[in-house]
Protein chains: 2
Amino acid sequence: MSNYSNFSTVNEQMRAQSVELLRADEDSHGGVVVSIEEPVDSVVFASLLGVSMSQWRQQGKKGVWIKLPLEHSNLVDAAIKQGFRYHHAEPDYVMLVQWIPDTADTLPVNASHRVGIGAFVMNNKGEVLVVQETSGRFKGTGVWKMPTGTVNEGEDISAAAIREVKEETGIETEFLEVLAFRQSHESFFRKSDIFFVCMLQPLSFDIQKQTSEIEDAKWIPVEDYAAQPFVQENQLFDFVAKICLSKSEGNYSGFSPFPTTTSSGKKTYLYFNNRDVKHLLSSSI
Amino acid sequence: MSNYSNFSTVNEQMRAQSVELLRADEDSHGGVVVSIEEPVDSVVFASLLGVSMSQWRQQGKKGVWIKLPLEHSNLVDAAIKQGFRYHHAEPDYVMLVQWIPDTADTLPVNASHRVGIGAFVMNNKGEVLVVQETSGRFKGTGVWKMPTGTVNEGEDISAAAIREVKEETGIETEFLEVLAFRQSHESFFRKSDIFFVCMLQPLSFDIQKQTSEIEDAKWIPVEDYAAQPFVQENQLFDFVAKICLSKSEGNYSGFSPFPTTTSSGKKTYLYFNNRDVKHLLSSSI
């Protein structure tokens with residue numbers, strides 16, 4: 001109630017003085033989000049920001065966000081000089097933030113991980129799909145590796161695995177399960193990395209490599225893949241190869257994706273060991 | 001060879017003209033990384049950057065990175081005006097990048113995911129550790145939930161689960177396995193999210209809540225947790241509760257962490273269904 005009164009008072013004062021404020025939308029956490037759409041001079045912006053911050057402070061606002069598209073880079077310095085810091089950036093914008101209250105901030109953290117996939121595609125002859133890359137650490141080594149790639153923002157892990165196999169080899173696949181995953185750190189600047197080893201079933205068999213990244217692609221017996229010195233000498237690759245061998249013999253259960261809906265209505269996939277709880281979930285599925 | 005000749009020629013010309021260049025280190029992908037340490041005027045910086053870019057272009061450099069700490073925000077605009085774009089940002093710096101060649105860039109993508117954990121801590125009486133939070137969507141609902149939290153950059157999933165349980169309840173735990181995980185999208189701006197449901201074994205039993213985030217904490221029978229209406233009415237929570245029940249009866253195998261070393265000597269954890277491949281890995285372990 002008192003917040004609302006303050007708000008009205010400030011607004012009336014502002015109107016009386018014809019003071020212009022930055023355009024901002026309220027967020028659901030007691031903060032405001034400033035969006036800059038038209039070009040604005042940095043000195044004018046600095047003045048508007050100062051007045052706006054005074055108002056938001058009086059209104060008891062918490063986090064103030066300023067999203068600056070690339071074309072408004074002239075405003076970054078002015079905002080930082082008034083106490084803003086970087087929150088995150090994407091190719092086309094930088095997001096600045098300032099926490100107004102004296103309490104510790106409850107601002108969400110930045111994205112911390114990149115996510116990658118490796119795809120074991122095994123046909124019913126016990127052969128796996130392997131590639132040689134035109135660049136990277138395995139270039140020119142003669143090593144045959146599984147197709148790998150990066151999961152995009154907003155992309156399902158299963159969809160990324162299917163897409164990478166298609167891009168690298170032209171093979172259509174169905175996603176079966178996640179066999180294992182590895183978390184590693186400082187993979188890129190200070191960021192961490194999660195790499196999901198996936199099992200897929202091929203729906204086509206004629207290899208047609210699609211990208212310039214791939215030197216060659218073929219089907220080889222999974223035992224030949226596992227017997228490569230680079231696989232056997234690397235504990236991680238060796239484990240993963242053994243898991244795949246076990247899977248090919250029907251003795252391993254990974255995590256399968258199951259589509260669910262969150263309470264807010266969002267579609268998501270839950271990955272779990274479906275074999276072990278099939279009986280429990282049968283009523284729900 | 002021709003690259004090297006060009007390099008020498010340009011360097012000699014530069015020396016002859018006493019032209020100052022920006023300090024930059026070469027990276028391992030044919031690019032350079034500029035670090036600004038001393039305060040510099042933005043007009044002086046713009047001029048140095050122009051000359052430096054000409055040289056790097058002649059040398060056939062690929063990606064040019066400029067890391068600008070918060071206190072050098074006066075230089076952001078000058079770099080963007082010369083064709084740089086944002087790559088990523090952390091609270092204390094923004095990273096700008098420009099790809100020089102005419103070919104498609106092979107610059108690494110930004111971090112795309114945030115990673116969270118939920119911790120099922122079950123004692124040998126079949127009770128799980130549950131909490132009520134002082135804020136968030138479950139505040140005041142009477143719902144008892146498992147402790148949850150965010151995995152920090154550089155932090156192991158298993159360490160994050162142990163840390164969050166300790167912070168919220170004071171209980172010491174040992175990490176057992178990942179029971180399931182869920183990937184969802186647009187959890188924060190355009191970023192995606194992976195949430196790992198973990199099983200932990202308690203090593204202490206007296207609850208002492210540690211943070212202001214927690215209203216209350218207690219041990220309840222896992223059946224009582226699963227019987228809560230909010231759990232039963234939400235497909236995702238219901239699945240997870242059933243998986244936990246199954247686990248408590250010894251009928252479920254998730255992914256356990258196993259420490260491995262990568263070929264570059266980095267310590268990482270591989271998470272997999274250890275039960276199903278114990279016989280295969282025994283020689284390696």
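Copies are superposed here by least squares on the C-alpha atoms of residues with pLDDT of at least 70 in both. This is a predicted model, in which local features need pLDDT of at least 70, side-chain atom pairs count only at pLDDT 80 or more, and totals for chains, interfaces and linings use all residues. Residues are numbered from 1 along each chain as its sequence is written, chains are lettered from A and ligands numbered from 1 in the order in which they are written, and side-chain values use heavy atoms, with hydrogens and water left out.

**Stop 1: both chains**

Colour chain A and chain B separately. A turn of 180 degrees with a shift of 0.0 Å along the axis lays chain A on chain B with an RMSD of 0.1 Å. The two copies are thus related as by a two-fold rotation axis. They also share one contact surface: 100% of the contact residues of chain A recur in chain B.

**Stop 2: the contact**

Now select residues in contact (heavy atoms within 4.5 Å). You should find 89 residues from chain A and 90 residues from chain B. About 7900 Å² is buried between the chains, and carbon and sulfur atoms give 62% of that; buried area is the accessible area (1.4 Å probe) lost when two parts are put together, summed over both. Next, show Y86(A), F181(A) and F239(A), which supply 10% of the area that chain A buries against chain B, more than any other three residues.

**Stop 3: polar links**

Between chain A and chain B there are 6 salt bridges, each a side-chain nitrogen of Lys or Arg within 4 Å of a carboxyl oxygen of Asp or Glu. To see one of them, zoom in on K191(A) and E153(B), whose side chains meet at 2.7 Å, N to O. Then pick strand β9 (residues 173-188) of chain A, which gives the most to the side touching chain B, with 11 residues. Strands are DSSP runs of E, at least two residues long, numbered from the N terminus.

**Stop 4: strands across the boundary**

Select strand β13 (residues 267-272) of chain A and strand β9 (residues 173-188) of chain B. These run antiparallel and are joined by 4 bridges; strands pair if DSSP finds at least two bridges between them. Along β9(B), F272(A) has A180(B) as its bridge partner, while Y269(A) stands opposite Q183(B).

Finally, add strand β12 (residues 256-261) of chain A. Within chain A, β12 pairs with β13(A) in the antiparallel sense over 6 bridges, and T261(A) stands opposite K267(A).
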